[in-house]
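Here's a quick briefing to read alongside the model. Have the sequence and the 3D view open, and we'll go through it topic by topic.

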Amino acid sequence: MTHGQDDCITAMIEDPAGSTVRHVLDPEHGWITYRHPYARRPWPANYGFLPGTYNPADDDPLDVIVLAASSLPTGTTTRVRPIGLFRRPDGDHKVLAVVCDDPVYGHARQLADLPPHVMTAIEEWFADWTVVLGWEDASATRALIANGQAAHSARAQQRRDSIHGHSSD
């Protein structure tokens with residue numbers, strides 16, 4: 001993982017906090033919007049993905065839950081600091097991050113820096129439709145992101161090789 005002085009990376013927001021609508025950025029078709037099939041209540045935080053990463057569990061970039069003082073519009077690119085990892089049994093884990101310059105959450109560097117009700121709201125939202133395995137710390141999060149970046153690079157290389165008729169074997 002590339003570390004800046006404050007370990008901030010780029011996130012793309014798909015779903016604003018408070019929404020019950022799912023927005024997905026499709027590389028070929030742009031934004032696709034539909035009612036979230038599992039949402040029984042609004043998103044407790046902003047939700048999106050980390051560009052330049054890959055999660056083989058769902059064949060997409062790593063997902064990120066973004067804490068900010070306000071709801072961020074769909075399509076917003078923002079700098080975030082990953083501080084924790086929300087584990088799911090299917091491997092589709094969620095990075096928990098804070099907007100780096102946010103007046104409410106920007107100070108957070110680890111899960112213990114957050115009010116407990118914030119994490120509880122996220123757990124409860126996901127528990128409506130999936131098994132919640134719990135949280136891991138920022139070091140586990142950095143490892144997941146580094147692996148996701150490496151997987152993204154490897155996939156990109158495989159695509160280049162297949163275009164040029166090369167084998168990666």
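Let's start with a helix: α1 takes up residues 116–127, and its 12 residues reach 16 Å from first C-alpha to last, close to the 16 Å expected at 1.5 Å a residue. Keep in mind that this is a predicted model. After the two helices we'll turn to the pocket and a few individual residues.

**Helix α1**

- Which residues of α1 are buried? They are V118, M119, I122, W125 and F126.
- These residues cover an arc of only 125 degrees around the axis, so they sit on the same side of α1.
- The general rule behind this kind of pattern is that an α-helix has 3.6 residues a turn, so residues three or four places apart point the same way.
- On the face of α1 turned away from the buried side, you'll find the exposed residues P116 and H117.
- The packing partners of α1's buried residues are all strands with these numbers: β4 (46–49), β5 (63–67), β6 (77–87), β7 (94–99) and β8 (134–136).

**Helix α2**

- Helix α2 runs over residues 138–163; it has 26 residues and reaches 37 Å between its first and last C-alpha, close to the 38 Å expected at 1.5 Å a residue.
- Its buried residues are A138, A140, T141, L144, I145, G148 and D161.
- What do the buried residues of α2 pack against? Their partners are β1, β6, β7 and β8.
- After α2 comes G165, which has a positive phi, near 75 degrees.

**The largest pocket**

- The largest pocket has a volume of about 560 Å³.
- Its lining is made up of 26 residues, and E14, V24, L25, D60 and P61 are the ones nearest its centre.
- By type, the lining divides into 14 nonpolar, 2 polar and 10 charged residues.
- Both β2 (21–26) and β4 supply at least two lining residues each, and β2 gives the most, with 4 residues.

**Two residues by the pocket centre**

- L25 and E14 are both among the residues nearest the centre of the largest pocket.
- L25 belongs to strand β2, while E14 belongs to strand β1 (residues 9–15).
- Is E14 buried or exposed? E14 is buried, because its relative accessible area is 5% and the cut-off for buried is under 20%.
- L25, by contrast, is partly exposed, because its relative accessible area is 32%, in between the limits of 20% and 50%.
- Leaving out neighbours within four places in sequence, L25 is in contact with M12, E14, G30, W31 and F49.
- With residues up to four places away left out, E14 touches R22, H23, V24, L25, W31, Y47, G48, F49 and T74.
- L25 and G75 are 50 residues apart along the chain, with their C-alpha atoms separated by 8.4 Å.

**L62, in a loop**

- L62 lies in the loop between β4 and β5.
- L62 counts as buried, because its relative accessibility is 2%.
- Not counting residues up to four places away in sequence, L62 touches G48, F49, L50, T53, Y54, N55, L144, I145 and G148.
- Among those contacts of L62 are L144, I145 and G148, which also appear in the list of buried residues of α2.
- L62 and D161, another buried residue of α2, are 99 residues apart in sequence and 24 Å apart in space, C-alpha to C-alpha.

Notes:
Residues are numbered from 1 along each chain as its sequence is written. This is a predicted model: local features need pLDDT of at least 70, side-chain atom pairs count only at pLDDT 80 or more; totals for chains, interfaces and linings use all residues. Side-chain values use heavy atoms; hydrogens and water are left out. The expected span of a helix is 1.5 Å times one less than its number of residues. Buried means under 20% relative accessible area, exposed over 50%, partly exposed in between (1.4 Å probe, protein chains only). The arc is that of the directions from the helix axis to the C-beta atoms. Contact means heavy atoms within 4.5 Å. On a 1 Å grid over the protein atoms alone, a cavity is a set of points where a 1.4 Å probe fits but cannot get out, and a pocket is an open set with protein on both sides within 12 Å along at least five of seven lines; lining residues have an atom within 4 Å of a point. Grid points are joined across faces, edges and corners, and a volume is the space filled by probe spheres set on the points. Ala, Val, Leu, Ile, Met, Phe, Trp, Tyr, Cys and Pro count as nonpolar, Asp, Glu, Lys and Arg as charged, and the others, Gly among them, as polar.
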